[in-house]
Amino acid sequence: MTKKLLAMLLSVLLLFSVLSGCGSTGNTDDSQSNQQEDTTPENNGDESGKVTFTDSCGREVELDSEITRIVPTGPLAQIALLAIAPEMYVGLSSEWDDINKEYIGDELLDLPLIGQLYGGKGEVNLEELANVDPQVIIDIGEAKDDMAEELDSIQEQIGIPCVHIEASLETYPDAYRMLGELLGKEEEAEAIAVYCEQILSRAKSIVAEVGEDNLANVIYCTGEDGLSVLAKSSFHAEIIDLLTNNVAVVDDVSSKGTGNPVDMEQLLIWDPDYIIFSPDGGYDVASSDETWQQLTAIKNGNYIETPMGPYDWTGSPPSVQRLLALIWLPAVLYPDYVDYDVYDEVAQYFNIFYHHELTQEEFDSLTANAFID
């Protein structure tokens with residue numbers, strides 16, 4: 001959270017004093033450990049109905065013993081929480097786009113918009129936050145060095161407990177188990193955690209069987225003109241780096257989801273075997289532009305567009321929907337090593353994470369440009 005946002009919180013706090021009794025502040029552990037240890041809520045030994053929960057930052061946060069009302073801090077948390085606790089949402093960090101609305105339950109569409117409570121650039125609607133009265137604000141995603149201090153500061157200013165659950169491609173199973181403990185949904189959480197483990201393990205097994213020397217040479221292009229790339233080792237290229245030989249190697253790797261700007265000369269130097277375009281990116285341009293036709297991948301028809309719905313399957317934002325790429329991309333790049341039906345697997349994901357029965361027609365529409373003819 002920026003200093004500007006914290007200043008805003010302070011300045012309007014008096015106007016919404018009702019917030020002051022909504023929760024208790026937590027104490028940051030001296031070590032500021034980021035390890036997910038001893039996370040099970042423990043009874044404080046009084047009759048207040050409170051428990052102590054240790055989050056991924058090592059912060060001990062006092063919470064109600066039974067959680068039924070939650071608000072996500074931002075889009076990553078909003079996506080991840082859909083799988084385990086959609087009925088607990090009382091407010092949103094970001095509005096649903098039209099493509100989201102096709103797959104999100106009606107009961108979630110008209111919830112109040114609170115704004116992004118951690119790491120966001122927009123304003124937070126504190127009056128609405130007071131009205132919905134969440135018992136806890138949940139942050140899910142990448143751990144940052146100053147996160148504990150910032151969450152403590154937010155929690156102190158708004159009077160509502162805030163917890164952080166660390167989650168990455170490798171730690172989604174642990175994240176869901178931790179959420180299960182937090183929300184009293186251990187059984188549901190375990191089923192989701194096991195599913196995450198199975199999808200990641202299978203993708204890694206396929207890559208191992210293909211062999212490092214035989215991985216597809218790939219570039220992931222972003223932007224309307226396709227002239228930006230998710231460079232090797234960038235946070236947003238995690239899926240591409242796992243499944244392919246990402247040949248987009250640059251000196252100054254961008255941390256932005258839009259990637260590193262490049263020119264056609266650089267693309268021709270890399271000249272990958274396959275090109276993956278971001279949703280609504282340069283796919284249409286590449287199929288008709290003579291300059292793009294110079295690239296081997298385009299000449300050979302080895303280019304695809306990432307599905308978008310409800311979110312970008314490769315990771316913008318980089319949340320749990322990236323598991324869909326671990327199902328879909330191996331079937332595109334290594335069909336001889338894939339023994340599952342992609343539609344069946346994607347439909348299972350939609351059922352688990354969005355509580356939506358995906359039809360074959362919906363799948364065909366989502367993946368219209370996602371396979372090589």
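**Figure 1. A negative patch on the surface of the predicted model.** In this predicted model, four residues, E95, D97, D98 and E102, come together as a negative surface patch. Let us pick out D97, which sits in the loop that runs between α2 (75–81) and α3 (98–101). Is D97 exposed, partly exposed or buried? Its relative accessibility is 47%, so D97 counts as partly exposed.

**Figure 2. A closer look at T258 and its contacts.** Here we visit the loop between β9 (245–246) and β10 (260–261), where T258 is found. T258 counts as exposed because its relative accessibility is 51%, and the cut-off for that class is over 50%. Which residues does T258 touch, once its neighbours within four places in sequence are left aside? They are T222 and S228. L230 also belongs in this view: 28 residues separate L230 and T258 along the chain, yet their C-alpha atoms are 7.4 Å apart.

**Figure 3. Two cis peptide bonds in one loop.** As a general background, most peptide bonds are trans. This view shows two cis ones, and both prolines involved belong to the stretch between β12 (303–305) and α13 (323–333). One cis bond links G309 to P310, with omega at about -10°. The other links S316 to P317, with omega at about 5°.

**Figure 4. D271, a residue with positive phi.** For residues other than glycine, phi is negative in most cases. D271 is not a glycine, and still its phi is positive, at about 40°. To find D271, look in the loop that leads from α10 (264–270) to β11 (274–277). With a relative accessible area of 27%, D271 is partly exposed.

**Figure 5. H355, another residue with positive phi.** What is the phi of H355? The value is near 55°, which is positive although H355 is a residue other than glycine. H355 lies in the loop between α14 (342–354) and α15 (360–366). H355 is partly exposed, as its relative accessible area is 46%.

**Figure 6. Stepping back to the whole protein.** After the close-ups, here is the setting they share. The protein has 15 helices and twelve strands. Of its 373 residues, 53% count as buried. Among contacts with a separation of 6 or more, 64% are between residues 24 or more positions apart. The accessible surface of the protein is about 16,800 Å², and carbon and sulfur atoms account for 43% of that surface.

Notes:
Residues numbered from 1 in each chain as written. Predicted model: local features only at pLDDT ≥ 70, side-chain atom pairs only at ≥ 80, totals over all residues. Heavy atoms only, no water. Patch = residues over 30% accessible without salt bridge, like charges linked within 9 Å, V, L, I, M, F, W, Y side chains within 5 Å. Areas by Shrake-Rupley, 256 points an atom, 1.4 Å probe, with all protein chains shown as cover. Salt bridge = Lys/Arg side-chain N within 4 Å of Asp/Glu carboxyl O. Lys, Arg positive; Asp, Glu negative; His and termini not counted. Charge placed at Lys NZ, Arg CZ, Asp CG, Glu CD. Helix = DSSP H or I, 4+ residues; strand = E, 2+ residues; numbered from the N terminus. Buried < 20%, exposed > 50% of the residue type's maximum accessible area, 1.4 Å probe, protein only. Contact = heavy atoms within 4.5 Å.
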